[in-house]
Structure formats: structure tokens, C-alpha cells
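Biologist: Please take a close look at the empty space in this model, and tell me what lines it.

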Amino acid sequence: MTAVPSPHQNSTTPNLEMPYHHKQSPRATAVVTNRSSFFSPKLSVYLCSICVTLFVVFHIQILQTPLPSSPNTLSFLHNWQEKLTTNDDSPSSCAPDLESMGDKLRESVTFLPLKDLRFSNAALVGHTWFMSSLYDTHEEGEVQYQQFPSKSSDGRILCIKGHDNHDGSWNYYALAYPGFLPKNATLVTGRTFVSYNHYDFSNIWHGLSSLFPFVAWHLKHQCALPTRWILYHWGEVRTGMSPWLNSLMEATFGGEMNIEKFDDGGDEQSTFCYEEAVVMRHNEGGMSRERRMEVYDLIRCKARLMCGAEVDRTDGEIGLTLLMRTGPRSFRNETAVVEIFEKECEKVENCRLRVAYSSNLTICEQVKLMGLTDILVSPHGAQLTNIFLMDRNSSVMELYPKGWLKLAGVGQFVYKWIASWSGMKYEGSWRDTDGEKCPFPDDDRRCMSIYKNGRIGYNSTYFREWTSKVLNEVKIRKFEEASKGIIIPTKCACS
């Protein structure tokens with residue numbers, strides 16, 4: 001709040017001390033003596049009595065004044081707002097003063113850039129560069145999030161100004177008390193989910209990892225639903241996501257995705273304050289494996305329900321699926337690869353091989369295919385995000401082109417992580433050692449631009465032995481599950 005200057009002027013006290021070379025006269029000495037005698041012990045007692053009396057009267061007045069029903073700031077401000085709206089014609093009314101203070105509260109709302117360029121070198125660390133002045137709520141094993149209003153926000157709600165889709169530093173945020181919003185701000189009712197994605201909502205893996213924590217929050221908070229979504233990439237507004245992800249989220253939350261587009265024709269710097277907002281910027285970071293599996297279970301169950309894909313797996317069939325790619329990271333000789341897996345499948349009773357291209361399948365066709373799959377074999381790529389749509393304990397076999405192990409960084413292990421987080425078995429990977437040559441040393445980062453989209457060969461002997469081993473393990477597992485009468489639950493949470 002703006003400091004109010006004191007109405008009292010500082011007075012200059014005259015310097016009564018005489019220069020050291022000036023001798024005091026007897027008359028001056030007498031005056032000083034008389035002043036000292038004026039402060040007698042009786043006068044001191046009298047002044048103390050007056051102070052005590054005033055102190056007691058002051059406290060009696062306080063005890064007779066009604067206090068807010070709750071000690072927190074939000075309750076106090078709510079009562080304050082009621083005072084402002086109450087007609088009080090009595091001479092002692094404080095409405096003008098309260099109105100003035102309310103104006104100061106509105107004016108004190110401070111907007112900061114959504115994307116804080118000071119933290120561009122650590123954009124994903126700690127408080128991140130998105131809404132950098134705020135910290136997340138985090139319980140052990142749960143998702144990290146911000147919620148407004150809340151105790152941590154001191155009862156204030158989230159306000160956003162600007163909807164630039166090219167530079168996030170031109171979009172701003174602030175916190176304001178509900179009764180004292182910035183001037184000309186629009187209050188938006190309902191619950192708003194605000195998602196920050198450092199990468200891309202059109203990529204099914206990066207998009208899912210950004211929206212995944214909202215499903216966790218939804219589960220933990222009695223299946224609470226959003227009224228709308230606001231999507232940000234580097235603080236820039238995004239108005240859509242991949243159809244695959246959009247369909248999964250509609251199935252999970254049971255309704256159409258209402259993504260805010262800010263296309264109502266208003267001013268680009270219009271201010272919107274949200275009655276309730278939940279903000280996520282750390283993906284699934286901080287969540288326990290058990291919690292992640294619960295969330296993947298919910299998404300899988302709701303997706304199958306949407307697509308009518310509750311298949312009967314009691315026939316003992318072992319589903320082996322080759323999920324192929326076209327272009328980058330596809331097989332150089334698809335026919336030879338398919339033949340190897342086909343022959344190994346023929347050796348195992350009830351094994352059925354399916355070969356599919358995710359780019360040719362609808363979302364529901366992908367959901368149904370994964371429901372029939374016990375072993376998924378696929379090159380590294382976004383299509384592997386589908387692995388969580390298989391039943392728990394299903395197996396994943398991943399293949400890489402040349403050069404990835406040294407140069408691709410930790411992101412190359414993401415599908416190994418998803419397999420673990422969703423309750424699958426990661427059966428290892430195979431990495432091609434042949435491929436296009438790089439003119440630089442093998443560990444030179446510039447080689448990754450060549451290896452990234454390389455195509456994948458095959459090793460007949462390794463593929464046969466690897467596939468045979470995994471098929472036999474799955475056969476034993478399915479037999480044990482059948483003998484124990486284990487049944488995959490079909491009723492979803494939040495139904």
C-alpha cells in the first residue's frame with residue numbers, strides 16, 4: 001500500500017547548548033535550576049495515572065468493537081467490502097475513508113511479466129521463469145501446483161493482462177483481493193486451469209506431460225472439473241493442442257475442452273481476474289510412482305470407456321504389436337523386421353502379431369489396439385506415448401538409430417520412464433551401430449543433427465533372441481494371472 005505521509009511537520013529544535021567558550025551568567029543558571037525543579041515526583045505520578053486511565057479506556061473501546069468472524073485477511077476484507085456497500089448516514093460513518101483505502105488497494109496491484117527474462121538460463125528450475133515471483137504448493141508424493149485464492153495467496157485471486165502469442169514477456173500477471181480488483185478488470189467466474197508447457201502442446205508426449213498434473217489434481221480434489229483452460233508456451237498464449245491429446249482430456253474430464261482464445265474483440269491489454277485458478281508449471285515432477293500409476297489408470301480407463309474398448313482378454317491371447325513409423329527413425333527394411341517378429345510369434349501358442357502405423361489410426365483405434373497389446377515394439381518416437389494405454393504389466397521394446405546414446409541427452413529415456421510410471425515393464429532397447437556417417441568426431445554435438453532423424457536397421461540374431469525371451473516371460477505372466485483370477489477393473493475413478 002502507498003505510504004501516507006504524516007500530517008505533522010518536523011519542527012526544528014533550537015540548540016540550547018552554549019558554545020564552550022561562552023560563560024553562563026548567574027541568571028541563566030537560575031533559570032535552568034527552576035526548570036529542573038518543575039518536574040517533581042508528584043507530577044510524574046499524576047502523568048502516569050492519566051496514561052493508565054487512557055490505556056484502560058482505549059482497550060474497553062476495542063472490546064466493544066465487533067471483530068471479523070475470521071482472523072484471516074480474506075475474511076477481514078470481505079467484512080470491509082460489506083462496510084463499503086452499506087448505507088450509513090450517521091455523522092460518524094467511515095465509508096469515505098474505507099473507500100479511499102479500497103482505491104489504494106486496487107492501485108497497489110502490481111503486474112509482472114509472465115515470462116521473467118532474468119531466469120532465462122534456468123527456465124525450468126525452482127520457481128521457473130513463468131510467474132517467477134510465486135512458489136508452488138507441494139505435498140510429498142503429490143503434484144506441484146498453485147491455487148488461487150488460497151491461504152498461500154492470502155486470499156487473493158489471479159489476474160492476467162495481455163494475450164500476446166509471440167512474446168510472453170508482454171503478458172502479465174498479478175494477485176488481487178476479490179473485492180478490490182484492478183480498475184476495468186473483468187471477473188471470470190468458475191474454475192480455470194492454467195497450463196505452462198516449455199515445449200509444445202502439439203507433440204503428444206510434451207502435451208500430455210503438461211496436462212497430466214491437472215488429472216492428478218482432479219483426482220485428489222474430489223474429481224473437481226475445470227470451466228476453462230488457458231495454455232501457455234514460454235508465457236505466450238496457445239489456443240490448441242494435438243487432436244490425440246484433446247480427445248484424451250475430453251474423455252478424462254467428461255466434456256469438451258474449453259480453451260481460452262481471447263478472441264472476444266477486446267483490448268489486447270484487457271485484464272481478467274479469475275474467481276478460482278489452478279496453475280501447473282512442473283509437469284509430473286515430484287509425484288510418487290504410485291500416484292502416477294493412479295493417474296495413468298484413470299486416463300486409460302476413461303479413454304477405453306470413450307472408445308468402447310473394454311476388450312475381453314480372458315482368451316489367453318498374447319498380443320505382439322509392431323507400431324511403425326514413416327520417415328525419420330523408421331526401419332530401413334520393414335519387411336525383414338516384420339518377418340523376424342512374425343516367425344518368433346509363430347513359435348508361441350496363442351501369439352498374434354499386429355503391424356500398425358499410428359499416423360493411420362484414429363485415437364479410438366489406437367486405444368483399442370493398445371488394449372489388445374501385451375508386447376509393444378517400436379522405434380523411439382512420440383507414438384510410444386501410447387504405451388500407458390496397455391494393461392498394467394505389459395511389455396515395451398524400444399529401438400534407436402545410430403548415435404543417440406552419446407548425444408541425445410536424458411530425454412531419450414522418456415519412454416522408459418513412462419513405462420515405469422504407468423506400471424509397464426521396460427524390456428530394454430536396441431541401438432543401431434550402423435547409419436549415416438558424421439563428418440565430425442562421434443561425440444561432437446553437431447552430429448546429433450544427422451543422427452536425430454536417422455533410420456533404423458536390424459540385427460536378426462539379437463531380435464530373435466530378445467523377442468523369444470520376452471514372449472516366454474509374458475506367456476508365464478499371463479498364465480499366472482489367469483490362475484489367480486486377476487481381472488482388469490472396468491469401473492473408472494471419478495465416474
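Modeller: What follows goes from the open space to the enclosed ones.

The model is predicted, so to speak of local features a pLDDT of at least 70 is needed and side-chain atom pairs count only at 80 or more, while totals for chains, interfaces and linings use all residues. Residues are numbered from 1 along each chain as its sequence is written, and side-chain values use heavy atoms, without hydrogens and water.

The largest pocket (an open set of 1 Å grid points with protein on both sides within 12 Å along at least five of seven lines) has a volume of about 1000 Å³. Its lining (residues with an atom within 4 Å of a point) counts 37 residues, of which Arg 313, Asp 391, Ile 486, Ile 487 and Ile 488 are the closest to the centre. Two elements, helix 7 (289-307) and helix 13, give two or more residues each to this lining, and helix 7 gives the most, with seven. By class, 14 of the lining residues are nonpolar, seven polar and 16 charged.

There are also two cavities of 30 Å³ or more, a cavity being a set of points where a 1.4 Å probe fits but cannot get out. The largest cavity, of about 40 Å³, is lined by Glu 139, Glu 142, Val 143, Tyr 145, Trp 217, Lys 220 and His 221, which divide into three nonpolar, one polar and three charged residues.

The second largest cavity, of about 30 Å³, is lined by Ser 395, Lys 425, Glu 427, Glu 473, Val 474 and Arg 477. Here helix 13 supplies the largest share, three residues, while strand 13 (425-431) supplies at least two, and four residues of the lining are charged, with one nonpolar and one polar.

Technical notes:
Points joined across faces, edges and corners; volume = space filled by probe spheres on them. Helix = DSSP H or I, 4+ residues; strand = E, 2+ residues; numbered from the N terminus. Nonpolar A, V, L, I, M, F, W, Y, C, P; charged D, E, K, R; others polar.
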